[in-house]
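Reader: I would like a close look at one part of this protein. Please take a single surface feature and place it in the whole chain.

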Amino acid sequence: TSTPRIGDILQKLAPFLKMYGEYVKNFDNAMELVKTWTERSPQFKFIVQDIQKEKVCGNLTLQHHMLEPVQRIPRYEMLLKDYLRKLPQDSLDWKDAEKSLEIISTAASHSNSAIRKMENLKKLLEIYEMLGEEEDIVNPSNELIKEGQILKLAARNTSAQERYLFL
């Protein structure tokens, strides 16, 4: 007698998924911190191992649990696409499910964009370090567009010199 629906519920909750972008941005850093402190502190390592042994952890490591949120948005997107494929187009849930997919796809795109920005920023900081951290080139609005080998032609004798270019 009732009409099962999920589209309307997902539509209300989907905007909150954008916050996963922040989690994703800091994920590599967090994983590195866990690794560092596990190696540095026997007490930290023991506590983490002790917690991981608990039944509620399902025999998974802390790192596995940390990875779950990163995989959540793409999983929601995939499940919703599958749901829409199997849902009759005249279903009462069709429009809401379609709108939910649109919102979740935007959140997934937002997360992917955050990952790319952080990777780009990390690469840019590595380049700054290689160049001796010149203060006049460090600018938060800078963006690495391309890098690679080029041949520079000398104006006088047209000889080619290899250079590495950061654009």
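Author: This is a predicted model. Start with the overall plan. The protein has five helices and two strands. Read from the N terminus, the order is α-α-α-α-α-β-β. The helices come before the strands in that order.

Now the close look. Ile-9, Leu-13, Phe-16 and Met-19 together make a nonpolar patch on the surface. The patch covers about 440 Å². One of its members, Met-19, sits in a loop. That loop runs between α1, residues 7-13, and α2, residues 20-40. Is Met-19 buried or exposed? Met-19 counts as exposed because its relative accessibility is 55%, and the cut-off for exposed is over 50%.

Next, the surface as a whole. The protein exposes about 12900 Å². Carbon and sulfur atoms supply 56% of that area. Of the 167 residues, 22% are buried.

The overall dimensions come next. The C-alpha trace spans about 85 × 50 × 25 Å along its principal axes. The radius of gyration is 24 Å. A compact globule of 167 residues would have a value near 15 Å.

Last, the contacts. Take those in the protein with a separation of 6 or more. Residues 24 or more positions apart account for 53% of them.

Back to the patch, then. Its four side chains belong to Ile-9, Leu-13, Phe-16 and Met-19, and Met-19 lies in the loop between α1 and α2.

Notes. Residues numbered from 1 in each chain as written. Predicted model: local features only at pLDDT ≥ 70, side-chain atom pairs only at ≥ 80, totals over all residues. Heavy atoms only, no water. Patch = residues over 30% accessible without salt bridge, like charges linked within 9 Å, V, L, I, M, F, W, Y side chains within 5 Å. Areas by Shrake-Rupley, 256 points an atom, 1.4 Å probe, with all protein chains shown as cover. Helix = DSSP H or I, 4+ residues; strand = E, 2+ residues; numbered from the N terminus. Buried < 20%, exposed > 50% of the residue type's maximum accessible area, 1.4 Å probe, protein only. Rg over C-alpha atoms; globule rule 2.2 N^0.38 Å. Contact = heavy atoms within 4.5 Å.
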